[in-house]
Amino acid sequence: MKIGRYLSLRQETRLGAVVEIAGELHVVDLSRAHTARCGRPDGGLTSMSALMAGGRAGLDEAARTATWAAARPDADWLAQERDVQWLVPLEPRNVIAGGMNFARHREEVIRVNGPGQSHTDFPMGFVKLAQSLVPTRASVARPRGVLQFDYEIEVAAVIGREAHDIDESRALEHVFGYTIMNDLSARELQMREMANQSIVLGKNFPGFGPLGPWILTADEVPDPSVLALELRVNGELRQRSSCRDLIFGFPAMVSHWSRMGLAPGDLLTTGTPEGIALARKPDPTPFFLKPGDIVEAEVPQIGILETRIVDAAAAA
């Protein structure tokens with residue numbers, strides 16, 4: 001099931017299930033549809049956190065409600081997906097962004113920067129601030145003075161149950177679902193920060209974390225290594241890969257980061273595959289993002305996360 005959060009016409013945050021009707025995507029307002037179907041509201045269908053807390057029974061009820069609503073189209077609980085104003089798909093908590101985790105991407109980075117002290121002993125990552133997250137179809141400003149503005153498509157695992165130092169064999173039991181992140185990066189600043197063994201500002205300007213468009217629940221993805229990734233800029237293919245190229249797969253990532261404790265709403269991203277602008281030869285300049293660019297980050301099993309790049313002055 002594909003589930004996200006959006007703003008209603010009354011500017012209320014609603015929980016919606018994405019369904020296909022006659023070949024077109026629609027969004028079911030789960031709370032309104034459940035009330036119409038059962039004659040009473042269901043608190044577990046009012047927010048993503050409540051749905052996570054409801055476990056398997058909550059997901060089953062959401063699925064029954066979505067199926068019922070799709071068979072009975074009514075403007076009270078159904079809208080065209082293209083008309084929906086999406087929010088980030090969950091109330092964000094902690095975001096641990098992976099790095100150097102796709103094998104071919106690691107190779108391209110080493111070609112650019114040299115091997116340095118990089119290793120594959122365990123997953124690496126950095127903190128992506130929740131305040132940097134924006135939903136699909138958002139406009140993101142290229143920061144003042146930044147010319148090396150880069151894209152990075154990633155898959156994000158959404159934690160749905162608390163996890164404390166768990167074994168890989170049980171790790172996926174704690175994943176609620178999967179969504180898409182575009183880890184936007186100001187390379188000039190990132191490279192200077194990394195020279196001092198840190199990454200903060202270069203990854204955390206406002207809007208540097210497009211996330212969405214919604215969450216694909218984990219029951220639909222028993223093996224997340226099959227997830228494919230593709231990023232396009234103005235329709236031009238820039239990145240294409242599969243999670244089969246991960247050095248550390250989802251069970252390893254969840255197990256590793258659970259050593260510090262994970263809770264519902266935490267996000268763990270895979271890192272990005274090969275094809276970043278920074279690694280383009282002989283000159284990466286034409287590949288960096290510019291105002292007016294439209295970036296589509298797609299995981300076919302999930303959907304398309306769309307971002308428009310604007311100038312900082314225009315966004316002020």
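This briefing walks through the pockets, the cavity, a helix pair and some backbone details of the structure above. The model is a predicted one, so please read every value below as computed from it. The largest pocket holds about 970 Å³ of space, and the second largest pocket holds about 400 Å³. Helices α1 and α3 cross at an angle of about 80 degrees, and a salt bridge joins E61 to R37.

**The largest pocket**

- Here is a good place to start exploring: 38 residues line the largest pocket, and M100, V109, S118, M124 and M194 are the ones nearest its centre.
- Four elements each bring at least two residues to this lining, namely β6 (95-99), α4 (103-113), β7 (124-127) and α6 (187-194).
- Among the contributors to the largest pocket, α4 gives the most, with 5 residues.
- Sorted by class, the lining of the largest pocket holds 17 polar, 15 nonpolar and 6 charged residues.

**The second largest pocket**

- The space in the second largest pocket comes to about 400 Å³.
- Its lining is made up of 19 residues, with Y6, S8, L9, A75 and A79 closest to the centre.
- Strands β1 (2-7), β3 (24-29) and β4 (78-80) are the elements that give two or more residues to the lining of the second largest pocket.
- The class split for the second largest pocket is 9 nonpolar, 7 charged and 3 polar residues.

**The cavity**

- Searching the whole structure turns up 1 cavity of 30 Å³ or more.
- The volume of the largest cavity is about 50 Å³.
- If you would like to find the largest cavity on screen, look for its lining residues I96, G98, G99, N101, P123, M124, M253, W257, L268 and T269.
- β6, α7 (250-257) and β17 (267-269) each provide at least two residues of the cavity lining, and the largest share, 3 residues, comes from β6.
- The cavity lining has 6 nonpolar and 4 polar residues but no charged ones.
- M124 is worth a second look, since M124 is among the residues nearest the centre of the largest pocket and also lines the largest cavity.
- Strand β6 likewise supplies at least two residues to the lining of the largest pocket and at least two to that of the largest cavity.

**Helices α1 and α3**

- The axes of α1 (residues 30-38) and α3 (residues 55-70) lie 9 Å apart where the helices pack, at an angle of about 80 degrees.
- The two helices, α1 and α3, are therefore roughly perpendicular to each other.
- On the α1 side, the contact involves L30, A33, H34, A36, R37 and C38, which meet E61, A62, R64, T65, A66, W68 and A69 of α3.
- By class, the contact of α1 with α3 is made of 8 nonpolar, 3 charged and 2 polar residues.

**Salt bridges**

- Across the whole structure there are 25 salt bridges.
- One salt bridge pairs the side chains of E61 and R37, at 2.6 Å from N to O.
- Because E61 belongs to helix α3 and R37 to helix α1, the pair ties together parts that are 24 residues apart in sequence.

**Backbone details to check**

- A cis peptide bond runs from G212 to P213, with omega near 0 degrees, and P213 sits in strand β14 (residues 209-217).
- The peptide bond from K281 to P282 is cis, with omega near 0 degrees, and P282 lies in the loop between β17 and β18 (294-299).
- A22 is not a glycine, yet its phi is positive at about 55 degrees.
- You will find A22 in the loop between β2 (13-21) and β3.

Notes: Residues numbered from 1 in each chain as written. Predicted model: local features only at pLDDT ≥ 70, side-chain atom pairs only at ≥ 80, totals over all residues. Heavy atoms only, no water. 1 Å grid on protein atoms, 1.4 Å probe; cavity = no way out; pocket = protein on both sides within 12 Å on 5 of 7 lines; lining within 4 Å. Points joined across faces, edges and corners; volume = space filled by probe spheres on them. Nonpolar A, V, L, I, M, F, W, Y, C, P; charged D, E, K, R; others polar. Axes fitted to C-alpha atoms, helices over the stretch in contact; angles between N-to-C directions. Parallel < 35°, antiparallel > 145°, perpendicular 65-115°, else oblique. Contact = heavy atoms within 4.5 Å. Salt bridge = Lys/Arg side-chain N within 4 Å of Asp/Glu carboxyl O.
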